[in-house]
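Let's take a friendly walk through this protein together. Have the sequence and the 3D view side by side, and turn the view as you read.

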Amino acid sequence: MAKFQCNVISYVLQRSVDITVVVPSSTIPEALGGGPVPTHRVEEKYPVLYLLHGWGNNHATWCGYSNIELYAEERNIAVVMVSGENKSYRNVPGGDKYFEFIEKELPEFVVNYFPVSDRPEHSYIAGLSMGGYGSLLHGMSRPENFAAVGAFSAAVKMSQDMDGEEDEKKNLDIYYLTDKALREGRKIPPLYIACGEDDFLYEANRAYKDWLAEKSVEVTWVSLPGYAHEWRFWDKQVEEFLKWIPRTDGYAAKGVRKV
(Lines give C-alpha, C1' and ligand atoms only; values in the text may rest on other atoms or scores of the structure.)
Protein backbone atom coordinates (compact mmCIF):
# COMPACT_ATOMS: atom_id res chain seq x y z
CA MET A 1 0.00 0.00 0.00
CA ALA A 2 1.32 3.41 -0.99
CA LYS A 3 0.29 6.06 1.53
CA PHE A 4 0.35 9.77 0.72
CA GLN A 5 -0.15 12.50 3.30
CA CYS A 6 -0.81 15.78 1.55
CA ASN A 7 -1.23 19.38 2.65
CA VAL A 8 -3.10 21.09 -0.16
CA ILE A 9 -4.18 24.66 -0.78
CA SER A 10 -7.94 24.54 -1.37
CA TYR A 11 -9.47 27.13 -3.68
CA VAL A 12 -12.90 26.42 -2.15
CA LEU A 13 -11.84 26.71 1.50
CA GLN A 14 -9.15 29.30 0.62
CA ARG A 15 -6.61 27.72 2.96
CA SER A 16 -4.64 24.52 3.35
CA VAL A 17 -6.28 21.19 4.16
CA ASP A 18 -4.77 17.84 5.18
CA ILE A 19 -5.57 14.76 3.11
CA THR A 20 -4.45 11.12 3.33
CA VAL A 21 -4.69 8.97 0.22
CA VAL A 22 -3.88 5.25 0.20
CA VAL A 23 -3.43 3.54 -3.15
CA PRO A 24 -2.80 -0.19 -3.78
CA SER A 25 0.76 -1.03 -4.76
CA SER A 26 3.10 -4.02 -4.85
CA THR A 27 2.88 -6.21 -1.76
CA ILE A 28 5.78 -8.03 -0.09
CA PRO A 29 4.50 -11.47 -1.29
CA GLU A 30 4.37 -10.09 -4.84
CA ALA A 31 7.80 -8.51 -4.54
CA LEU A 32 9.31 -11.83 -3.40
CA GLY A 33 8.32 -13.45 -6.68
CA GLY A 34 6.53 -16.64 -7.56
CA GLY A 35 3.93 -14.83 -9.65
CA PRO A 36 3.70 -12.10 -12.30
CA VAL A 37 6.68 -9.76 -12.51
CA PRO A 38 6.09 -6.87 -10.07
CA THR A 39 5.55 -3.42 -11.58
CA HIS A 40 4.44 0.04 -10.51
CA ARG A 41 2.67 0.55 -13.81
CA VAL A 42 -1.07 0.99 -13.26
CA GLU A 43 -3.04 -0.68 -16.02
CA GLU A 44 -6.45 0.56 -14.91
CA LYS A 45 -7.42 3.39 -12.58
CA TYR A 46 -8.51 2.26 -9.14
CA PRO A 47 -12.01 2.49 -7.71
CA VAL A 48 -12.14 4.90 -4.77
CA LEU A 49 -13.73 5.15 -1.35
CA TYR A 50 -14.10 8.62 0.17
CA LEU A 51 -13.98 7.80 3.88
CA LEU A 52 -15.13 10.46 6.36
CA HIS A 53 -14.07 10.73 9.99
CA GLY A 54 -16.15 11.57 13.06
CA TRP A 55 -16.37 14.55 15.41
CA GLY A 56 -12.99 15.54 16.86
CA ASN A 57 -11.01 13.36 14.45
CA ASN A 58 -8.95 14.22 11.35
CA HIS A 59 -7.58 12.81 8.10
CA ALA A 60 -5.23 10.40 9.91
CA THR A 61 -7.65 8.85 12.39
CA TRP A 62 -9.05 6.07 10.21
CA CYS A 63 -5.51 4.84 9.52
CA GLY A 64 -4.59 5.12 13.20
CA TYR A 65 -7.53 3.24 14.70
CA SER A 66 -8.56 0.80 11.96
CA ASN A 67 -7.00 -1.59 9.47
CA ILE A 68 -8.30 0.35 6.48
CA GLU A 69 -4.92 0.23 4.71
CA LEU A 70 -4.88 -3.57 4.88
CA TYR A 71 -8.49 -3.90 3.73
CA ALA A 72 -7.98 -1.50 0.82
CA GLU A 73 -4.79 -3.28 -0.28
CA GLU A 74 -6.50 -6.67 -0.18
CA ARG A 75 -9.38 -5.44 -2.32
CA ASN A 76 -7.55 -3.15 -4.76
CA ILE A 77 -9.34 0.08 -3.91
CA ALA A 78 -7.99 3.54 -3.18
CA VAL A 79 -9.17 5.34 -0.05
CA VAL A 80 -9.28 9.10 0.45
CA MET A 81 -9.52 10.65 3.92
CA VAL A 82 -9.68 14.39 4.55
CA SER A 83 -9.66 16.58 7.64
CA GLY A 84 -13.24 17.84 7.81
CA GLU A 85 -12.77 19.43 11.24
CA ASN A 86 -16.11 19.57 13.10
CA LYS A 87 -17.97 21.08 10.14
CA SER A 88 -20.23 18.10 9.38
CA TYR A 89 -19.13 18.14 5.71
CA ARG A 90 -21.63 20.90 4.94
CA ASN A 91 -21.41 24.51 3.87
CA VAL A 92 -21.25 26.47 7.13
CA PRO A 93 -23.26 29.73 6.99
CA GLY A 94 -20.75 32.55 6.61
CA GLY A 95 -17.86 30.08 6.87
CA ASP A 96 -16.21 27.09 5.28
CA LYS A 97 -17.89 25.55 2.23
CA TYR A 98 -17.14 21.94 3.09
CA PHE A 99 -20.01 20.52 1.05
CA GLU A 100 -18.65 22.18 -2.06
CA PHE A 101 -15.12 21.04 -1.19
CA ILE A 102 -16.13 17.38 -0.74
CA GLU A 103 -18.43 17.34 -3.75
CA LYS A 104 -16.24 19.12 -6.27
CA GLU A 105 -12.68 20.01 -5.32
CA LEU A 106 -11.62 16.88 -3.43
CA PRO A 107 -12.47 14.43 -6.25
CA GLU A 108 -10.99 16.84 -8.78
CA PHE A 109 -7.71 16.89 -6.86
CA VAL A 110 -7.66 13.12 -6.31
CA VAL A 111 -8.37 12.00 -9.87
CA ASN A 112 -5.82 14.43 -11.29
CA TYR A 113 -2.96 13.53 -8.94
CA PHE A 114 -3.52 9.82 -8.36
CA PRO A 115 -4.43 6.78 -10.52
CA VAL A 116 -8.05 6.93 -9.33
CA SER A 117 -11.23 6.63 -11.36
CA ASP A 118 -13.60 9.56 -11.78
CA ARG A 119 -16.50 7.30 -12.79
CA PRO A 120 -19.51 7.29 -10.41
CA GLU A 121 -19.85 3.51 -10.78
CA HIS A 122 -16.36 3.18 -9.27
CA SER A 123 -16.85 5.78 -6.51
CA TYR A 124 -18.10 5.14 -2.97
CA ILE A 125 -18.57 7.23 0.17
CA ALA A 126 -18.78 6.15 3.80
CA GLY A 127 -18.10 7.45 7.28
CA LEU A 128 -18.60 7.06 10.99
CA SER A 129 -20.73 9.17 13.34
CA MET A 130 -20.43 12.75 11.99
CA GLY A 131 -18.82 11.19 8.93
CA GLY A 132 -21.80 8.84 8.62
CA TYR A 133 -24.00 11.91 8.53
CA GLY A 134 -21.65 13.40 5.93
CA SER A 135 -21.78 10.32 3.73
CA LEU A 136 -25.59 10.37 3.81
CA LEU A 137 -25.66 14.13 3.24
CA HIS A 138 -23.56 13.81 0.08
CA GLY A 139 -25.03 10.48 -1.00
CA MET A 140 -28.62 11.70 -0.79
CA SER A 141 -27.87 15.17 -2.20
CA ARG A 142 -25.92 13.76 -5.18
CA PRO A 143 -26.93 10.09 -5.46
CA GLU A 144 -25.72 9.96 -9.06
CA ASN A 145 -22.12 10.48 -7.87
CA PHE A 146 -21.76 7.20 -5.97
CA ALA A 147 -22.18 3.46 -6.51
CA ALA A 148 -22.86 2.87 -2.80
CA VAL A 149 -23.06 4.75 0.51
CA GLY A 150 -21.99 3.50 3.94
CA ALA A 151 -23.03 4.99 7.27
CA PHE A 152 -21.60 3.56 10.48
CA SER A 153 -23.18 4.78 13.74
CA ALA A 154 -24.34 7.79 11.76
CA ALA A 155 -25.48 11.01 13.41
CA VAL A 156 -28.62 10.84 11.26
CA LYS A 157 -30.36 13.77 12.95
CA MET A 158 -27.32 16.02 13.21
CA SER A 159 -28.99 18.80 11.21
CA GLN A 160 -31.44 19.46 14.04
CA ASP A 161 -28.67 21.05 16.11
CA MET A 162 -27.24 23.19 13.29
CA ASP A 163 -27.53 26.94 12.91
CA GLY A 164 -29.02 28.49 9.81
CA GLU A 165 -32.23 29.60 8.14
CA GLU A 166 -35.09 27.12 7.91
CA ASP A 167 -34.58 26.51 4.18
CA GLU A 168 -30.86 25.90 4.73
CA LYS A 169 -31.53 23.44 7.56
CA LYS A 170 -34.12 21.61 5.44
CA ASN A 171 -31.46 20.89 2.84
CA LEU A 172 -29.27 19.39 5.55
CA ASP A 173 -31.95 16.99 6.81
CA ILE A 174 -31.24 13.41 5.73
CA TYR A 175 -34.92 12.41 5.64
CA TYR A 176 -35.83 15.44 3.54
CA LEU A 177 -32.94 14.90 1.11
CA THR A 178 -33.76 11.20 0.69
CA ASP A 179 -37.42 11.92 0.10
CA LYS A 180 -36.57 14.74 -2.32
CA ALA A 181 -34.31 12.44 -4.37
CA LEU A 182 -37.08 9.84 -4.53
CA ARG A 183 -39.70 12.40 -5.58
CA GLU A 184 -37.40 13.61 -8.34
CA GLY A 185 -36.97 10.06 -9.63
CA ARG A 186 -33.26 9.90 -8.89
CA LYS A 187 -31.82 6.46 -8.23
CA ILE A 188 -30.64 6.07 -4.64
CA PRO A 189 -27.41 4.04 -4.52
CA PRO A 190 -27.37 0.90 -2.35
CA LEU A 191 -27.09 1.85 1.32
CA TYR A 192 -25.16 0.06 4.06
CA ILE A 193 -26.22 1.23 7.51
CA ALA A 194 -24.68 -0.25 10.65
CA CYS A 195 -24.88 0.54 14.35
CA GLY A 196 -23.96 -1.19 17.57
CA GLU A 197 -26.94 -2.00 19.78
CA ASP A 198 -25.33 -0.25 22.78
CA ASP A 199 -24.67 2.93 20.78
CA PHE A 200 -26.51 6.08 21.86
CA LEU A 201 -27.35 6.62 18.16
CA TYR A 202 -28.84 3.16 17.70
CA GLU A 203 -32.52 4.15 17.75
CA ALA A 204 -31.96 7.00 15.30
CA ASN A 205 -30.21 4.65 12.89
CA ARG A 206 -32.84 1.95 13.23
CA ALA A 207 -35.64 4.48 12.66
CA TYR A 208 -34.00 5.73 9.47
CA LYS A 209 -33.50 2.14 8.28
CA ASP A 210 -37.17 1.35 8.90
CA TRP A 211 -38.25 4.53 7.10
CA LEU A 212 -36.08 3.60 4.09
CA ALA A 213 -37.68 0.16 3.96
CA GLU A 214 -41.12 1.77 3.92
CA LYS A 215 -39.96 3.84 0.94
CA SER A 216 -38.72 0.66 -0.82
CA VAL A 217 -35.14 1.93 -0.78
CA GLU A 218 -32.46 -0.78 -1.00
CA VAL A 219 -30.70 -0.89 2.36
CA THR A 220 -28.44 -3.39 4.11
CA TRP A 221 -28.81 -3.11 7.88
CA VAL A 222 -26.20 -4.41 10.34
CA SER A 223 -27.03 -4.39 14.05
CA LEU A 224 -24.61 -6.02 16.48
CA PRO A 225 -25.02 -6.53 20.24
CA GLY A 226 -22.22 -5.58 22.61
CA TYR A 227 -20.92 -2.61 20.65
CA ALA A 228 -21.25 1.05 21.56
CA HIS A 229 -19.88 4.15 19.78
CA GLU A 230 -16.42 2.67 19.29
CA TRP A 231 -13.58 1.84 16.93
CA ARG A 232 -13.86 -1.93 17.41
CA PHE A 233 -17.22 -1.71 15.68
CA TRP A 234 -16.17 0.74 12.96
CA ASP A 235 -13.10 -1.31 12.07
CA LYS A 236 -15.32 -4.36 11.57
CA GLN A 237 -17.85 -2.41 9.53
CA VAL A 238 -15.47 -0.74 7.11
CA GLU A 239 -14.07 -4.18 6.26
CA GLU A 240 -17.57 -5.58 5.78
CA PHE A 241 -18.55 -2.54 3.70
CA LEU A 242 -15.61 -3.12 1.34
CA LYS A 243 -16.65 -6.76 0.98
CA TRP A 244 -20.25 -5.70 0.33
CA ILE A 245 -19.94 -2.83 -2.16
CA PRO A 246 -21.00 -3.52 -5.76
CA ARG A 247 -17.88 -3.66 -7.92
CA THR A 248 -17.74 -3.40 -11.71
CA ASP A 249 -14.10 -2.36 -12.09
CA GLY A 250 -11.46 -4.61 -13.63
CA TYR A 251 -9.84 -5.38 -10.27
CA ALA A 252 -12.97 -6.95 -8.81
CA ALA A 253 -12.57 -10.24 -10.67
CA LYS A 254 -9.03 -10.70 -9.33
CA GLY A 255 -10.30 -11.45 -5.83
CA VAL A 256 -8.63 -10.72 -2.51
CA ARG A 257 -4.87 -10.12 -2.62
CA LYS A 258 -2.38 -11.65 -0.21
CA VAL A 259 -0.69 -8.87 1.75
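A good place to begin is strand β4 (residues 78-82), which is mostly covered: five of its five residues are buried. Helices and strands here are DSSP runs numbered from the N terminus, with at least four residues (H or I) for a helix and at least two (E) for a strand. Buried means under 20% relative accessible area, exposed means over 50%, and partly exposed lies in between, computed with a 1.4 Å probe on protein chains only. The cover is on both faces of β4, with Ala78, Val80 and Val82 buried on one side and Val79 and Met81 buried on the other.

Before going further, a word on the model itself. It is a predicted one, in which local features need pLDDT of at least 70 and side-chain atom pairs count only at pLDDT 80 or more, while totals for chains, interfaces and linings use all residues. Residues are numbered from 1 along each chain as its sequence is written, and side-chain values use heavy atoms, leaving out hydrogens and water.

Which strands pair with β4? Strand β2 runs antiparallel to β4 and is joined to it by four bridges, and in this pairing Ile19 has Val82 of β4 as its bridge partner. Strand β3 (residues 48-52) pairs with β4 in the parallel sense over three bridges, and here Tyr50 stands opposite Val80. Two strands are said to pair if DSSP finds at least two bridges between them.

Just ahead of β4, look at Asn76 in the loop between α3 (68-74) and β4. Most residues other than glycine have a negative phi. The phi of Asn76, however, is near 55°, a positive value in a residue other than glycine. Asn76 is also buried, with a relative accessible area of 5%.

Further along the chain, strand β7 (residues 191-196) and strand β8 (residues 219-224) pair in the parallel sense over six bridges. Leu191 has Val219 in β8 as its bridge partner. Between the two strands the chain passes through helix α8 (residues 202-214), and this β-α-β crossover is right-handed; that is, with the strands pointing away from the viewer, the path from the first strand over the helix to the second runs clockwise. In the loop between α8 and β8 you will find Ser216, another residue with a positive phi, about 60°, although it is not a glycine. Is Ser216 buried or exposed? Ser216 is exposed, with a relative accessible area of 67%.

Now for the aromatic rings. A pair of aromatic rings is described by the distance of the centres and the angle of the planes. Rings of Phe, Tyr and Trp (its six-membered ring) pair if their centres lie within 6.5 Å, and planes under 30 degrees apart count as stacked, over 60 as edge-to-face and the rest as tilted. A search of the whole structure finds 19 aromatic pairs. In one of them, the rings of Tyr98 and Phe101 have centres 6.2 Å apart and planes at 85°, so this pair is edge-to-face. Both residues lie in helix α4 (residues 98-113), three residues apart, which is about one turn of the helix. Tyr98 is buried at a relative accessible area of 0%, and Phe101 is buried at 2%. Elsewhere, ring pairs link Trp62, Tyr65, Phe152, Tyr192, Trp231, Trp234, Phe241 and Trp244 into a cluster.

Phe101 also leads us to Ser10 in strand β1. Ser10 is buried, with a relative accessible area of 1%, and its contacts beyond four places in sequence are Arg15, Val17, Phe101 and Glu105, where contact means heavy atoms within 4.5 Å. The side chain of Ser10 reaches the backbone nitrogen of Leu13 at 2.8 Å.

Next to look at is Tyr11, in the loop between β1 (2-10) and β2 (15-23). Tyr11 counts as partly exposed because its relative accessibility is 45%. Tyr11 and Phe101 are 90 residues apart along the chain, yet their C-alpha atoms are separated by 8.7 Å. Leaving aside neighbours within four places in sequence, Tyr11 is in contact with Lys104, Glu105 and Glu108. With Glu108, the side chain of Tyr11 makes a side-chain polar contact at 2.7 Å. A polar contact is a pair of N or O atoms within 3.5 Å; within protein, one must be able to donate a hydrogen and the other to accept it, and residues adjacent in sequence count only if both atoms are side-chain atoms.
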